[in-house]
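Biologist: Could you walk me through this one? I'd like to start with a helix and then move on to the pockets.
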Amino acid sequence: MRINVTRSSMPAMDEYMEEIRSLWDSHWLTNNGEKSIALKAELEKYLDCPHAELFCNGHLALEALLRAMGLHGEVITTPFTFASTTHAIVRCGLTPVFGDICPGDCTLDPDKAEALITDKTCAILPVHVYGRLCHVERFEEISRKYGVPVIYDAAHAFGVTKNGVSAAAMGYASMFSFHATKVFHTIEGGCITTGDADLCQRLCVERNFGIAGEESTPGVGGNAKMNEFQAAMGLCNLRRIDGDIAARKLLYELYEAELSGLVDFLPQQEGVVSNYAYLPVFFSNQAQRDQVYDQLKQQQIFTRKYFYPLVTQFECYQGKPGFDPAATPVAAQRAAAVLTLPLYPDLTEEDVQRICAAIRGVIA
């Protein structure tokens, strides 16, 4: 039986059908309909943040944020991330500057980031990874010291807290992805959370072609609105999110027990309540990682080299100044050794034991 690295959580069909039933009465399918309004309110409550603005996907949400902030210059970020983070920076006419990561959590090293600040720096964009958080206290200090805003790519951090503080309330703003493979999803989708009400107004204009009113278009924007079917899926999935995270945690702990001493797991972070978004393990070298990946694939177990290659190794950036993987050796080492294993609420304990037995067989 095939086991994929992720599988979308879905409500019962009857529940979703009941949620969208009213759309056949209203015929209001997009442009801030009742489902989007309801989801926005529920997310602000669940994520414990002042404002959450919805988008059709996380990538366009991040691009809208960078544009709405009116940034110009360099953005310090990490190469250990999904393509979207860097592509958004580049597509907005900004220059990414890459700092190395901390080996213990694979997030941007704040000391390395601080050393990269110049008069051209307009923002710092760290990335929370795998349900673990960046060193938010240090980044807050750096932001105050240099007057540079910190915005987070929080695609992996839905519902994550540290010492009771939501990831959605950290930094100047955060981007969350609601892609179908995420802990919480709206099929496709995303949002920006922030405490700045003025930024919210700019984001609303940016996602709606730059239109601010019936006869007012003050800017050049795009189309990045969430539709009502997406929002309805989100309302359904939000009702089950705590149970999904609890199921992920139990499976994660089973993996740890089964593979202890064979592979390296990232340590849990003090004070952080994770969402167990992904299950990364690290092998002794790239050859061993690749061998496990290939052997598991032959057994219909599909893992993911996530994140490999580094963004700085992408073909589209070859030869461009600043895209040098040798400049971030910790990130390069982690990328060469990482493999994310299947993890989703519907995965069974028997599935986990099958996966772990296959890994032990390859390593032995």
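Modeller: The buried residues of H3 (buried being under 20% relative accessible area with a 1.4 Å probe, protein chains only) pack against helix H1 (13-20), helix H2 (23-26), strand E1 (51-55) and helix H9 (228-238), where contact means heavy atoms within 4.5 Å. This is a predicted model, in which local features need pLDDT of at least 70 and side-chain atom pairs count only at pLDDT 80 or more, while totals for chains, interfaces and linings use all residues. Residues are numbered from 1 along each chain as its sequence is written, and side-chain values use heavy atoms, with hydrogens and water left out.

Biologist: Which residues of H3 are buried?
Modeller: They are Lys-35, Ser-36, Leu-39, Leu-43 and Glu-44. They lie on the same side of H3, because the arc they cover around the axis, taken from the directions from the helix axis to the C-beta atoms, is only 160°.

Biologist: And what is exposed on the other side of H3?
Modeller: Ile-37 and Lys-45 are exposed there, exposed meaning over 50% on that scale.

Biologist: Changing topic, which residues lie nearest the centre of the largest pocket?
Modeller: Phe-82, Ser-84, Ser-177, His-179 and Lys-182 do, out of 23 residues that line the largest pocket. Two or more lining residues come from each of helix H4 (58-68), helix H5 (83-91) and strand E8 (173-177).

Biologist: How much space lies in the largest pocket?
Modeller: About 370 Å³, the volume being the space filled by probe spheres set on the grid points.

Definitions and conventions
Helices (H or I, at least four residues) and strands (E, at least two) are DSSP runs, numbered from the N terminus. On a 1 Å grid over the protein atoms alone, a cavity is a set of points where a 1.4 Å probe fits but cannot get out, and a pocket is an open set with protein on both sides within 12 Å along at least five of seven lines; lining residues have an atom within 4 Å of a point.
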